[in-house]
Amino acid sequence: MRAHLKFILPIAGIFALLVLYTAYWFFAAGKVNEAVLDWIEEKESVGYQIAYSELEVRGFPYRFQIEIAGADITAPRSDGGWNATLEHVQANALPYDFSHWIVSFAGPMHVRSDRELMLNAQDARVSLRTNEYGETVRVGAELTALSIETLAGDPVNVEYVESFVLGGAVEDTDSLRVRVEANGVRASDTEASQDLTRAFGTTGDQVRLDFEVTEWAALARDGDAGQWSRAGGQLQIHDALLDWGPAQLAGEGELSLDDEAQPDGRLSMRIADPDSLALALVNADLIPEENEEALRLAAMMAPRGPEGVSLGFRLRDGGIYLGPIRIGRVAE
C-alpha cells in the first residue's frame, strides 16, 4: 500500500495542478475578453467607432492569444478622423505576465485620412509593456518588407522599407528615449521627394536616429510643443546616421523651439565626403551655389578623423548656419 501511495500521490498532485491551472486559464481568458470589450467601450465613449467580425481569446495552455478579424476603426475628428481597416490582429501574453503584450498584424492595412494608403509587410509586430498603473512605459516595433501604396491623395515620400526597428521607453528622469533604424529605404517618385532623390538617389542604405525628449510629461499631457519648450524641453540627439548615396553623415546635437516654434539648437556632424555632399546639395538646389565653396572651405579647415570631417551647424530663425553663413533652410 505504501508503494502504491508513493506512485499515486505524485500523479494525483500533478493532475490537481493541471485542473487548477486549467480553471485559472479559462477564468483569466474570460477576464482578458472582458478587458478588451471594456477598452472598446471606453474608446467608443469618446467618439471612436470600432467594428470587427470576430473576437476570441485562444492559446491554451501556453499563452493568452487575442484574435481579432476584420477590424474597422474610425477615430473622432479631435484625434484626426482617420479610418483603418485591418484584416487580422493578434495579441499574445504569457500566463504569468499581463504587463507585456506582443501584437502582430497579418494582411494589408487600409488607412484613410487626408490620403488613402495601403500598407503591407512581410512581418509586423509591436511590443507593449505597461506599469502597475496601466500606463505604457516601453514600446517596440519591428517591420520587414514594408510597402506603402498611395491609393488617393498626395503620395507619401517613401514607398518601401526593407526593415524598420523602433524602440521607445519612458525613463524615470521624465524623458522619452527613442531609437529608430530603417534599412533599404526606397523613395517614391513624388514632387515632394524630388529634391532628395535628385541629390542622393532613390535608395538609402541606412537611416538611424537615437534621441531623447526631455520634460516628456509636459509634452505628453496636451501635445503642446510651445508649453513643452517653455518648460525647458529639449530634443537631445545622441546618435544620428544617414547613409544615402553621397550623404554619409553621422552626428549628435541638441534642439529646442524658439518663440516662433522654429528649431533652435546645434548639430555636430561627421561627414565622410564633404566635397561630394556639397556638390549633390547644390545640384539639387538644396543650398545656393555660392555656399558650395564656403562648405568646402569649412571642411578643409575642420578637424578630420577616421569617420570623416567634423562640422558644427547652428539652427536658428528657420535657417541652417555653418559659422556665420546661412547655407540652407529648415523644411516647414
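In this predicted model, Asp264 counts as partly exposed, at 24% relative accessibility. The side chain of Asp264 meets that of Arg314 in a salt bridge, at 3.7 Å from N to O. Asp264 belongs to strand E14 (residues 263-271) and Arg314 to strand E16 (residues 308-316), so the pair ties together parts that are 50 residues apart in sequence. Arg314 also counts as partly exposed, with a relative accessibility of 33%.

**A salt-bridge network**

Further salt bridges share partners and thereby join Arg177, Arg179, Glu181 and Asp210 into one network. Within this group, the side chain of Arg179 meets that of Glu181 in a salt bridge, with an N to O distance of 3.6 Å, and Arg179 forms another salt bridge with Asp210, where the closest N and O atoms are 3.9 Å apart. Arg179 is placed in strand E10 (residues 175-187), whereas Asp210 is placed in strand E11 (residues 203-214), so this pair ties together parts that are 31 residues apart in sequence. The two partners differ in their cover: Arg179 counts as partly exposed at 37% relative accessibility, while Asp210 is buried, with a relative accessible area of 11%. Asp210 is classed as buried because its value of 11% falls under the 20% limit for that class. The salt bridges described here are set out below, and the count for the model comes to 11 salt bridges.

| Salt bridge | N to O distance |
|---|---|
| Arg179 and Glu181 | 3.6 Å |
| Arg179 and Asp210 | 3.9 Å |
| Asp264 and Arg314 | 3.7 Å |

**The chain as a whole**

The protein chain holds six helices and 18 strands, and buried residues make up 35% of its 332 residues. About 19800 Å² of the protein chain is exposed, and carbon and sulfur atoms supply 55% of that area. When contacts between residues at least 6 apart in sequence are considered, 47% of them join residues at least 24 apart.

**A negative patch on the surface**

Glu34, Asp38, Glu41, Glu42 and Glu44 form a negative surface patch. One of these residues, Glu34, lies in helix H1, which spans residues 2-45, and Glu34 is partly exposed, with a relative accessible area of 43%. That value of 43% for Glu34 satisfies the requirement of over 30% relative accessible area for patch members.

**Backbone features in the loops**

Several loops carry backbone geometry worth inspecting in the model. The peptide bond leading from Phe60 to Pro61 is cis, with omega near 5°, and Pro61 is found in the loop that runs between strand E2 (54-58) and strand E3 (64-74).

Asp174 has a positive phi of about 60°, although this residue is not a glycine. The position of Asp174 is in the loop between strand E9 (158-171) and E10, and with a relative accessible area of 29% Asp174 is partly exposed. Glu215 likewise is not a glycine and has a positive phi, in this case of about 50°. The loop that holds Glu215 lies between E11 and helix H3 (216-222), and Glu215 counts as partly exposed at 31% relative accessibility.

**Residues distant in sequence but close enough to compare in space**

Leu257 has its place in strand E13 (residues 247-257) and is partly exposed, with a relative accessible area of 24%. Between Leu257 and Gly226 there are 7.5 Å in space, C-alpha to C-alpha, although these two residues are 31 residues apart in sequence. Leaving aside residues up to four places away in sequence, Leu257 touches Ala225, Trp228, Ser229, Gln262 and Pro263.

A second pair involves Gly80, which lies in the loop between E3 and strand E4 (83-94). Gly80 is exposed, with a relative accessible area of 55%, a class that applies because this value is over 50%. From Gly80 to Ser113 the C-alpha to C-alpha distance is 7.5 Å, while the separation in sequence is 33 residues.

Key: Residues numbered from 1 in each chain as written. Predicted model: local features only at pLDDT ≥ 70, side-chain atom pairs only at ≥ 80, totals over all residues. Heavy atoms only, no water. Patch = residues over 30% accessible without salt bridge, like charges linked within 9 Å, V, L, I, M, F, W, Y side chains within 5 Å. Areas by Shrake-Rupley, 256 points an atom, 1.4 Å probe, with all protein chains shown as cover. Salt bridge = Lys/Arg side-chain N within 4 Å of Asp/Glu carboxyl O. Lys, Arg positive; Asp, Glu negative; His and termini not counted. Charge placed at Lys NZ, Arg CZ, Asp CG, Glu CD. Helix = DSSP H or I, 4+ residues; strand = E, 2+ residues; numbered from the N terminus. Buried < 20%, exposed > 50% of the residue type's maximum accessible area, 1.4 Å probe, protein only. Contact = heavy atoms within 4.5 Å.
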